[in-house]
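Subject: Structure handover

Hello,

Here is the structure for you to look through. Please open it first and then read the notes below it.

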Amino acid sequence: MTNPPQPADEVVDLVSTLIRFDTSNTGDPATTRVEAEAAHWVADRLREVGYQTEYVEAGAPGRGNVFARLPGADPSRGALLVHGHLDVVPAEPADWSVHPFSGAVEDGYVWGRGAVDMKNMLGMMLAVARHFKRAGIVPPRDIVFAFLSDEEHGGTYGAQWLVDHRPDLFTGVTEAIGEVGGFSLTVPRKDGGERRLYLVETAEKGLAWMRLTARGRAGHGSMVNDDNAVTAVAEAVARLGRHRFPLVLTESVQQFLEAVAEETGYSFDVNSPDLEGTIAKLGGVARIVGATLRDTANPTMLTAGYKANVIPQTAEAIVDCRVLPGRRAAFEREVDELIGPDVERSWERDLPAVETTFDGELVDAMNASLLAVDPEARTVPYMMSGGTDAKAFQRLGIRCFGFVPLRLPPELDFSALFHGVDERVPVDALEFGARVLDHFLQHC
């Protein structure tokens with residue numbers, strides 16, 4: 001009789017198969033490839049080892065979500081939500097070295113759209129969940145496994161809808177892990193050698209898509225017009241786009257910088273004119289860390305006019321705003337000063353910042369699980385500049401962390417792989433992550 005596979009034995013095949021489901025989310029219902037087929041495949045993999053699953057379509061046909069609950073030893077404890085999203089951003093095959101939906105396993109990597117964001121975690125979740133059922137492992141507390149839709153467009157047909165319409169699926173859940181955290185960052189030690197820091201996400205900036213609208217006097221393009229809506233919105237956009245919001249070190253960012261300074265000897269002096277230059281020494285992850293030092297407002301879309309010789313009455317712009325925890329009121333005041341009284345603003349999407357502290361039994365379990373597989377590990381908190389489904393779950397009072405454990409080669413520019421061309425994840429990082437997640441869920 002052969003022993004059942006361990007999580008690390010099947011995680012690569014599971015991730016590769018998941019990538020082969022094209023679940024591209026364009027944000028447009030007419031062109032989005034819905035998640036239903038992938039969701040049903042996940043449910044089948046769970047049912048074949050004994051789980052009872054629930055498949056839920058979130059607000060629109062095909063927007064599939066799968067839930068499975070594994071009872072724990074202590075029903076009096078709050079349940080842990082382990083979540084990941086099935087959808088991915090689109091990919092243009094002509095730009096890639098391999099087909100983005102091939103799930104190719106080559107050169108020590110699993111390649112394809114979603115390999116990093118975030119079918120890697122889905123594969124780990126499946127591998128560990130299947131192992132627990134096969135081996136009869138009872139975790140310390142209830143675990144809710146959730147495979148979700150529409151994260152890449154804010155969760156309207158996923159987590160946000162589920163929280164609004166099916167809160168019963170999260171009954172008893174007090175804490176959650178999901179993207180983007182748990183990956184290693186190798187830094188030089190001040191006494192020589194290197195140290196692997198594992199970044200656990202404890203905070204993320206708020207996401208707010210702002211519409212700017214200017215109204216003026218329509219007229220012929222050949223005539224003088226001192227009330228031009230296009231000019232007004234363009235000037236407001238230019239002021240916003242060039243503006244540098246004040247540097248603010250939140251608790252999560254401060255703790256991260258202190259930990260890096262302790263290991264490297266770097267000085268992250270907030271009064272230094274070269275603070276961002278010092279952060280740049282951290283390599284690719286500096287793009288994420290640098291974006292968490294201040295609020296940002298990046299213009300992304302402009303709309304105006306319908307004919308070359310007609311001055312339109314209305315012009316609009318969309319600005320992607322990412323706001324630090326606790327900064328919303330100050331941010332809005334600053335924006336209003338920049339755009340001026342003649343340009344109106346409204347929110348197209350408005351999802352709050354997420355922040356929790358880096359302490360407690362769950363954090364201790366993360367640290368212990370990493371040390372069990374990598375004795376040189378050190379866990380540190382950090383803030384993510386983007387957004388995740390945690391923005392929905394915090395509305396239920398759930399304490400959220402980003403924890404997708406991956407031990408990465410120091411030379412890999414991991415942050416560039418999110419939504420990037422030739423997205424890929426190391427095979428040994430997946431196997432490492434499956435072992436860490438297995439240990440974590442047995443001691444959470």
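Which residues does A91 touch, not counting residues up to four places away in sequence? They are W96, P100 and R113. Before going further, please note that this is a predicted model.

**A91 and its place in the chain**

A91 is found in the loop that runs between strand 3 (79–85) and strand 4 (105–106). Is A91 buried or exposed? A91 counts as buried because its relative accessibility is 18%, and the cut-off for buried is under 20%. A91 and R399 are 308 residues apart in sequence, and their C-alpha atoms are 33 Å apart in space.

**V12**

V12 gives another pair to look at. V12 lies in helix 1, which covers residues 7–20. From V12 to A434 there are 422 residues in sequence, but 9.7 Å in space, C-alpha to C-alpha. V12 has a relative accessibility of 12%, so V12 counts as buried. If neighbours within four places in sequence are left aside, V12 is in contact with V105, V110, V427, L430 and E431.

**Domains**

The domain assignment of the protein chain gives domain 1 (5–179 + 386–440) and domain 2 (205–349). Domain 1 is therefore written as two stretches of sequence, and domain 2 as one stretch. The centres of the two domains, taken over C-alpha atoms, are separated by 31 Å. How many residues of domain 1 are in contact with residues of domain 2? Nine residues of domain 1 are in contact, and they meet ten residues of domain 2.

**Nonpolar cores**

The largest nonpolar core has 97 residues. Which of them touch the most other members? These are F145, F147, I177, F256, F440 and L441. At least three residues of this core come from domain 1 (5–179 + 386–440), and at least three from domain 2 (205–349). Apart from this core lies another, of 21 residues, which includes M210, L212, V323 and V343.

F147 is a useful residue to display. Not counting residues up to four places away in sequence, F147 touches V42, L46, G64, N65, V66, G84, L86, L122, M125 and L126.

**Salt bridges**

Side chains of opposite charge can pair when their charged atoms come close. The structure holds 33 salt bridges. Three of them are described here.

R130 forms a salt bridge with E10, and the closest N and O atoms are 3.0 Å apart. This pair links distant parts of the chain, with R130 in helix 3 (residues 119–135) and E10 in helix 1, 120 residues apart. R130 is buried because its relative accessible area is 6%. E10 is buried too, with a relative accessible area of 12%.

R69 forms a salt bridge with D142, where the closest N and O atoms are 3.4 Å apart. This pair also links distant parts of the chain: R69 is in strand 2 (residues 64–70), while D142 is in the loop between helix 3 and strand 6 (143–148), 73 residues away. R69 is partly exposed, with a relative accessible area of 34%, whereas D142 counts as buried at 17% relative accessibility.

D191 forms a salt bridge with R189, with the closest N and O atoms 3.2 Å apart. D191 counts as exposed because its relative accessibility is 59%, and R189 counts as partly exposed at 29%. Elsewhere, salt bridges that share partners join E10, R45, E48, R130 and R134 into one network.

**D422**

The last residue to look at is D422, in the loop between helix 12 (414–417) and strand 19 (424–426). Which side chain of opposite charge is nearest to D422? It is R424, 5.3 Å away. D422 is buried yet has no salt bridge, and the cut-off for a salt bridge is within 4 Å.

A polar atom of the D422 side chain does lie 2.7 Å from the backbone nitrogen of S97. S97 is also one of the contacts of D422 outside its neighbours within four places in sequence, along with W96, V98, W111 and L417. W96 appears in the contacts of A91 as well, so the display can be taken from A91 to W96 and on to D422.

Regards

Key: Residues are numbered from 1 along each chain as its sequence is written. This is a predicted model: local features need pLDDT of at least 70, side-chain atom pairs count only at pLDDT 80 or more; totals for chains, interfaces and linings use all residues. Side-chain values use heavy atoms; hydrogens and water are left out. Helices (H or I, at least four residues) and strands (E, at least two) are DSSP runs, numbered from the N terminus. Buried means under 20% relative accessible area, exposed over 50%, partly exposed in between (1.4 Å probe, protein chains only). Lys and Arg count as positive and Asp and Glu as negative; His and the chain ends are not counted. A polar contact is a pair of N or O atoms within 3.5 Å; within protein, one must be able to donate a hydrogen and the other to accept it, and residues adjacent in sequence count only if both atoms are side-chain atoms. Contact means heavy atoms within 4.5 Å. A nonpolar core is a set of buried Ala, Val, Leu, Ile, Met, Phe, Trp, Tyr and Cys residues joined through side-chain atoms within 4.5 Å.
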